[in-house]
Amino acid sequence: MVSSEAPIEQIVLKYGFSSLNTFYIAFKKRYGDTPAVYRKSNQKSARKPD
């Protein structure tokens, strides 16, 4: 999720979830955030300082 810029919908289909809602529920249960919030916060921390 962090290293990919693919839309979340595309990731959902790639990993075989039956719906976006099912993925969001599973993701939030596992990581404590929605996929968008997780991606945004972890992309910031993954950047290297200039």
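Reader: Why is Phe27 called buried?

Author: This is a predicted model, and in it Phe27 has a relative accessible area of 6%. Buried means under 20%, so Phe27 gets the label with its 6%. As for its place, Phe27 sits in helix 2, residues 20-31. Along the chain, Tyr38 is eleven residues away from Phe27, and their C-alpha atoms are separated by 9.5 Å.

Reader: OK, now Arg39. How do you know that Arg39 has no salt bridge?

Author: Look for the nearest side chain of opposite charge: that's Glu9, 7.7 Å away. A salt bridge needs the two atoms within 4 Å, so at 7.7 Å the Arg39 and Glu9 pair doesn't qualify. And yet Arg39 is buried. It belongs to helix 3, which covers residues 35-46.

Reader: What makes the side chain of Arg39 and the backbone oxygen of Ala6 a polar contact?

Author: The Arg39 side chain reaches that Ala6 oxygen at 2.8 Å. The cut-off is 3.5 Å for a pair of N or O atoms, so 2.8 Å falls inside it.

Reader: Zooming out, what makes the pattern of the protein α-α-α?

Author: There are three helices and zero strands, and reading along the sequence gives α-α-α.

Reader: And how much of the protein counts as buried?

Author: Of its 50 residues, 16% do. On the outside, the protein exposes about 4100 Å², with carbon and sulfur atoms supplying 53% of that.

Reader: What share of the contacts with a separation of 6 or more comes from residues 24 or more positions apart?

Author: Those residues account for 43% of such contacts in the protein.

Key
Residues are numbered from 1 along each chain as its sequence is written. This is a predicted model: local features need pLDDT of at least 70, side-chain atom pairs count only at pLDDT 80 or more; totals for chains, interfaces and linings use all residues. Side-chain values use heavy atoms; hydrogens and water are left out. Helices (H or I, at least four residues) and strands (E, at least two) are DSSP runs, numbered from the N terminus. Buried means under 20% relative accessible area, exposed over 50%, partly exposed in between (1.4 Å probe, protein chains only). Contact means heavy atoms within 4.5 Å. Accessible areas come from the Shrake-Rupley method with a 1.4 Å probe; for residues, only the protein chains shown count as cover. Lys and Arg count as positive and Asp and Glu as negative; His and the chain ends are not counted. A polar contact is a pair of N or O atoms within 3.5 Å; within protein, one must be able to donate a hydrogen and the other to accept it, and residues adjacent in sequence count only if both atoms are side-chain atoms.
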